[in-house]
Structure formats: C-alpha cells, structure tokens
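Here is a short briefing on one protein chain. Keep the sequence and the 3D view open while you read.

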Amino acid sequence: MLRIETMTLNQVVARLRALGIRTTELKVEAALQRGVYPWGVYIPGEKHGCYEIYTKLFDQWVAERATEVAS
C-alpha cells in the first residue's frame, strides 16, 4: 500500500531549525503561500487556509542542499 507522508507546519519549522535555518512559522507560511518551497502547497479556504507539506519532497530538497559539518 502506498502512502503520501506529510508534515505539519510546526514539524517542518522544527526540522528546518535543526538543520541550521533560522526561521519562524510565519516565514514558512509566507513562503508556502508564494510558492517559494517545492515541498509544500498552500490551499486557501474561506476562513483559513491549510498547508500540505510533503515529507519525501522535503527530504529530497534537504539532501540537495545539506552539507556535513564537523561538530
């Protein structure tokens, strides 16, 4: 059985911060609404919109950009 895994906005912000990106929920929301990130979409609603953030696309995006750093 196939499944499309998603993350919440809070989960993606936590992962971005863990990767060293200084960001906030508001910044990620604005970027998703403008189509900046290829790993998620904003779906407008009458009162509130929602976000679909795809884990596989996020992981691919990270893999293309991340570098190993000595701790």
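Two strands count as paired if DSSP finds at least two bridges between them. β2 and β3 (residues 50-54) meet that mark, because they are joined by four bridges in the antiparallel sense. The model is a predicted one.

**The sheet**
- Three strands make up an open sheet, in the order β1-β3-β2.
- The pairing in this sheet is antiparallel.
- β1 (6-7) and β2 (40-43) are the edge strands, each pairing on one side only.
- β2 and β3 form a hairpin, and six residues lie between the two strands.
- Within the β2/β3 pair, I43 has C50 of β3 as its bridge partner.
- In a regular strand, side chains alternate between the two faces of the sheet.

**Helix against sheet**
- Helix α3 covers residues 55-65 and lies across β1 and β3.
- α3 runs at about 60° to β3.

**The nonpolar core**
- The largest nonpolar core holds 14 residues.
- V12, V28, L32, W39, I53, F58 and W61 have the most contacts inside this core.
- α1 (9-18), α2 (25-33) and α3 each supply at least two of the core residues.
- The largest share comes from α1, with four residues.

**W39, one of the core residues with the most contacts**
- Which residues does W39 touch, not counting those up to four places away in sequence?
- W39 touches V12, L16, V28 and L32.
- W39 also touches E52, I53, Y54, L57, F58 and W61.

**V12, a core residue in α1**
- V12 lies in helix α1.
- Is V12 buried or exposed?
- V12 counts as buried because its relative accessibility is 0%, and the cut-off for buried is under 20%.
- Leaving aside neighbours within four places in sequence, V12 is in contact with M7, V28, W39, I53 and F58.
- The W39 contact thus appears in the lists of both residues.
- V12 and T67 are 55 residues apart in sequence.
- In space, V12 and T67 are 19 Å apart, C-alpha to C-alpha.

Definitions and conventions:
Residues are numbered from 1 along each chain as its sequence is written. This is a predicted model: local features need pLDDT of at least 70, side-chain atom pairs count only at pLDDT 80 or more; totals for chains, interfaces and linings use all residues. Side-chain values use heavy atoms; hydrogens and water are left out. Contact means heavy atoms within 4.5 Å. Axes are lines fitted to C-alpha atoms, for helices over the stretch in contact, and angles run from 0 to 180 degrees between N-to-C directions. A nonpolar core is a set of buried Ala, Val, Leu, Ile, Met, Phe, Trp, Tyr and Cys residues joined through side-chain atoms within 4.5 Å. Buried means under 20% relative accessible area, exposed over 50%, partly exposed in between (1.4 Å probe, protein chains only).
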